[in-house]
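The following report reads a protein model through its sheets, its domains and a few chosen residues. It is meant to be followed with the sequence and the structure side by side.

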Amino acid sequence: MVYISNAYGTFPSRGTIVVDRAGVIGAGTLNFIEYFEFQNQSTNDVYIEVEIQDAGGNWTFDDGTTLKQLGAVTGGTTQGFTLNFKRPEPTTDVEDEVFNLIVRVYQDATYTTLQYEYTWPVDVYIVDFKNNANWTVHQVWNFDDGTSQGWSGGTISSAFSIQAGGYSYRNNTTNGTEVFTQSGYQLPTASKIFLVGYFAMDMDSTSDYIKDLKIKFGGQVVTQFLGTLVKRDSGEPQYQGWFQFGANLSDFSGSVGDLQIQFYITSCYAYFDELMIVYRP
Ligand SMILES: [Ca+2]
């Protein structure tokens, strides 16, 4: 069974959320988890507020609200916040849907004296890339021929596959940082180039998790999903389905470099499958 229980947005590093709509099967709602850190370099405490401004009315936080007061960041410290967004599952492809995330920094706990405001535009693509004529599929790594298809750093496995009876690519060691590499990869020359892909977790013990998923090209971090992405808490299933991620590689149009997927994992396995490079002129 293939389903998407979550898709992870990419906006802190690149301002783009990329989702393969073909893999979203009747979820009803798309959920995105995002994490950002605020570094307070002053000696005074500050108070953080975030607001979603979406002219299309599609985007809210997961509780349906559009404004959240996140609390204090003590002077001289850095604090991380996890934001949960949602959007109704679109019935057609969505390209260039932009909403703004406003981050406000206040001097007081009553959120009245504004010190600083930053607007973060988030560009959204939810596209059936294989069937949308505007897009070209440059590469699909589905591992279903039973080989690593040029990837190194992991191991082919038949334990999980999006296509039944196939294969996927998993970490071969655990309890640490893993790096998968497609060496010397030639990206197409195009205005928009995305990587989209999926991972599934096989978490035999409660407390297993994956965190800090990073997509790199030529040694540079293109997109990172910081914090814990999927965790098996007590009472939760060992396998929780396929999770989708995307990365915007457009800045590297026409370049040759190592394409890398890096993540931290506890003593368990993450299976990657249906990695796809897509582009449009
Ligand atoms: Ca596969």
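## Sheets, domains and selected residues

Ser152 stands opposite Thr181, a residue of strand 14, where strands are DSSP runs of E of at least two residues, helices are runs of H or I of at least four, and both are numbered from the N terminus. The model is a predicted one, in which local features need pLDDT of at least 70 and side-chain atom pairs count only at pLDDT 80 or more, while totals for chains, interfaces and linings use all residues. Residues are numbered from 1 along each chain as its sequence is written.

Confidence is expressed as pLDDT, the predictor's own score for each residue on a scale from 0 to 100. The protein chain averages a pLDDT of 89, and 94% of the residues score at least 70. Over residues 1-12, however, pLDDT stays under 50, and for this stretch the model has 46 contacts beyond four places in sequence, a contact being a pair of residues whose C-beta atoms, placed from the backbone, lie within 7 Å.

**The antiparallel sheet.** The pair Ser152 and Thr181 belongs to the pairing of strand 11 with strand 14 (residues 176-186), which is antiparallel and runs over two bridges; two strands count as paired if DSSP finds at least two bridges between them. These strands take part in an open sheet of five strands in the order 11-14-19-16-17, with antiparallel pairing. Its edge strands are strand 11 (151-152) and strand 17 (220-231), each of which pairs on one side only. Further into the order, nine bridges join strand 14 to strand 19 in the antiparallel sense, with Gln186 opposite Val256 of strand 19. Strand 16 (residues 209-217) is joined to strand 17 by eight bridges, again antiparallel, and Lys211 has Thr228 of strand 17 as its bridge partner.

**The mixed sheet.** Another open sheet has five strands in the order 2-9-8-4-6, and its pairing is mixed. Because strand 2 and strand 6 (67-73) stand at the edges with a single partner strand each, one side of each is left without a neighbour in the sheet. From one strand to the next the twist averages 20°, taken between axes that are lines fitted to C-alpha atoms (for helices over the stretch in contact), with angles running from 0 to 180 degrees between N-to-C directions. Strand 2 pairs with strand 9 (residues 114-127) in the parallel sense over five bridges, and Ile17 stands opposite Val124 of strand 9.

**Two domains and their contact.** Domain 1 (8-126) and domain 2 (136-280) are given by the domain assignment of the protein chain, the bounds coming from an automatic or database assignment. Their C-alpha centres lie 24 Å apart, and the contact takes 14 residues from domain 1 and 18 residues from domain 2. On the side of domain 1 that touches domain 2, helix 1 (11-14), strand 2 (16-20) and strand 7 (78-88) each supply at least two residues, and the largest share, five residues, comes from strand 2.

**Selected residues.** The table sets out the burial of four residues, a residue being buried if 20 or more other C-beta atoms lie within 10 Å of its own, exposed if 12 or fewer, and partly exposed in between, with C-beta atoms placed from the backbone.

| Residue | C-beta neighbours within 10 Å | Class |
|---|---|---|
| Gly197 | 23 C-beta atoms | buried |
| Asp258 | 15 C-beta atoms | partly exposed |
| Asp96 | 9 C-beta atoms | exposed |
| Gln149 | 17 C-beta atoms | partly exposed |

Gly197 is found in strand 15 (residues 192-202) and, when neighbours within four places in sequence are left aside, is in contact with Phe245, Phe272, Glu274, Leu275 and Met276. Asp258, in strand 19 (residues 256-265), touches Thr181, Ser183, Gly184, Tyr185, Gly218 and Gly219, not counting residues up to four places away in sequence.

Most residues other than glycine have a negative phi. Asp96, placed in strand 8 (residues 94-106), has a positive phi near 60°. Gln149, in the loop between strand 10 (136-141) and strand 11, has a positive phi of about 50° although it is not a glycine.

Note on methods. Two residues are in contact if their C-beta atoms, placed from the backbone, lie within 7 Å.
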